[in-house]
Amino acid sequence: MTQAPIWSVPLSGPVSPDVMAQRIDNSLDAQLSSHSGASRPAYAVAGTLWLSTATAGKHKYYFYDGAADRLMLTIDTATGAIQYSDGVSTDVLSTLLAKAGGAMTGPIENAVFAASGANTKRAHFDLTAVSAGQDRAIIVPDFNNLALNKWELIRDTPLSAAASMDVTGLSAYRRLWIHGHVYPSTTAGVFIRTSTNNGSSYDSGVSDYAYQNLNALASTVATVATSGTTAFSIGGTTGILSGIDNGIQFDLFIDNFNKAAQCKFECHANAVTAGDLVNQSSGRRAQSTARNALTIFPGSGTMTGFATIEGIRG
């Protein structure tokens with residue numbers, strides 16, 4: 001039995017018990033077989049889910065919405081393979097989402113990717129910035145690991161009367177690029193220290209850092225060598241004037257940051273002191289323990305401005 005010749009039971013009588021039993025049995029059999037047949041049952045109403053056997057080797061489940069049959073899924077009776085539908089296509093998932101090792105074709109409107117067994121760690125495409133009707137390409141460079149071969153933004157931080165800017169969680173980065181413009185609340189220098197315990201403390205021993213400065217001020221060029229100090233000087237001066245029109249603009253690179261080796265600093269800066277000072281400096285953290293945090297701070301007072309930190313993993 002697939003579809004009932006007449007659905008339901010007699011609603012008026014008298015009818016014999018065997019007629020009543022047959023009508024009930026026919027209706028139950030139809031339910032058990034998902035109302036299977038070559039076409040939609042005549043008694044279907046909006047909401048009926050029925051099984052089409054019209055195609056050899058295929059079982060197709062349809063949802064009748066009161067006006068048309070909407071294909072839900074197709075089962076291959078030989079292989080058991082299931083193809084899901086969007087109501088029109090016979091295999092919507094094959095064009096939108098591939099199995100592991102399969103091929104994915106067609107446009108992706110949006111997707112969320114989650115690590116296996118860790119679906120709280122997710123990445124997704126955000127297309128909100130793309131104008132309607134526009135097609136934007138994602139171009140993949142020829143790198144083994146994209147994250148290991150490009151600068152990525154870590155922080156872009158506005159500073160307002162800040163005593164320091166502490167940045168933790170940097171253990172994944174072998175190279176850092178710190179750039180920005182800050183000005184102290186009072187005439188002072190701007191410095192950087194590193195940490196091996198994620199910011200619980202910052203290296204500040206009397207001989208933790210060593211650096212060499214080349215400063216040009218007006219027509220005078222001078223060098224300063226510091227063999228041991230408590231911090232690396234950004235800009236190589238303690239005379240940076242306060243005020244937004246003064247301060248220091250800098251580009252600072254740090255290599256070997258997360259390595260068990262001495263990390264190396266290289267800084268290019270211009271500052272307003274007694275005049276416009278141009279600085280080139282380089283140095284090192286004289287200790288071979290991998291670092292994972294840093295702090296930037298003025299020698300006295302607070303600092304205002306902004307600093308951007310980017311990194312390369314490895």
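The accessible surface of the protein amounts to about 17900 Å², and carbon and sulfur atoms account for 54% of this area. The model is a predicted one. Of the 314 residues in the protein, 33% are buried. The secondary structure consists of two helices and 18 strands. Among contacts between residues at least 6 apart in sequence, 57% link residues that are at least 24 apart.

Eight strands are arranged in an open sheet with antiparallel pairing, in the order E7-E18-E9-E14-E15-E16-E11-E12. Strand E7 (152-162) and strand E12 (220-229) form the edges; each has a single partner strand, so one side of each lacks a neighbour in the sheet. On average, and with direction ignored, neighbouring strands of this sheet are turned by 15° against each other. At the E7 edge, the partner is strand E18 (residues 303-313), and eight bridges connect the two strands in the antiparallel sense. Within this pair, Ala162 lies opposite Met303 of E18.

Further into the order of the same sheet, strand E15 is placed between E14 and E16. Strand E14 (residues 248-255) runs antiparallel to E15 and is joined to it by eight bridges, with Asp255 opposite Lys264 of E15. On the other side, ten bridges connect E15 to strand E16 (residues 276-285), again in the antiparallel sense. Phe265 faces Gly283 of E16 in this pairing, and the connection from E15 to E16 is a hairpin of three residues.

A second open sheet comprises four strands in the order E8-E17-E10-E13, also with antiparallel pairing. Its edges are strand E8 (165-167) and strand E13 (232-234), each of which pairs on one side only. The twist from one strand to the next averages 25°. E8 is joined by three bridges to strand E17 (residues 293-298), and the two run antiparallel; here Val167 is opposite Leu294 of E17.

Elsewhere in the chain, strand E1 (residues 49-52) pairs with strand E2 (residues 58-64) in the antiparallel sense through four bridges. Leu49 has Phe63 of E2 as its bridge partner. The hairpin formed by E1 and E2 has five residues between the strands, and Gly57 adopts a positive phi near 80° in this hairpin.

The largest nonpolar core contains 31 residues, and Ile192, Leu252 and Leu294 have the most contacts inside it. The greatest contribution to this core comes from strand E15 (residues 263-272), which supplies five residues. Leu294, the residue opposite Val167 in the E8 and E17 pairing, has contacts with a range of residues beyond its neighbours within four places in sequence. Among them are Met165, Asp166 and Val167, together with Leu170, Leu176 and Ile178. The contacts of Leu294 also include Ile192, Arg193, Thr194, Tyr202, Phe257 and Ile309.

Two cysteines were examined with respect to burial. Cys263 has a relative accessible area of 0% and is therefore buried, the threshold for this class being under 20%. Cys267 likewise counts as buried because its relative accessibility is 0%. The structure contains zero disulfides.

Notes: Residues numbered from 1 in each chain as written. Predicted model: local features only at pLDDT ≥ 70, side-chain atom pairs only at ≥ 80, totals over all residues. Heavy atoms only, no water. Core = buried A, V, L, I, M, F, W, Y, C linked by side-chain atoms within 4.5 Å. Buried < 20%, exposed > 50% of the residue type's maximum accessible area, 1.4 Å probe, protein only. Contact = heavy atoms within 4.5 Å. Disulfide = S-S within 2.5 Å. Pairing = 2+ DSSP bridges. Axes fitted to C-alpha atoms, helices over the stretch in contact; angles between N-to-C directions. Areas by Shrake-Rupley, 256 points an atom, 1.4 Å probe, with all protein chains shown as cover.
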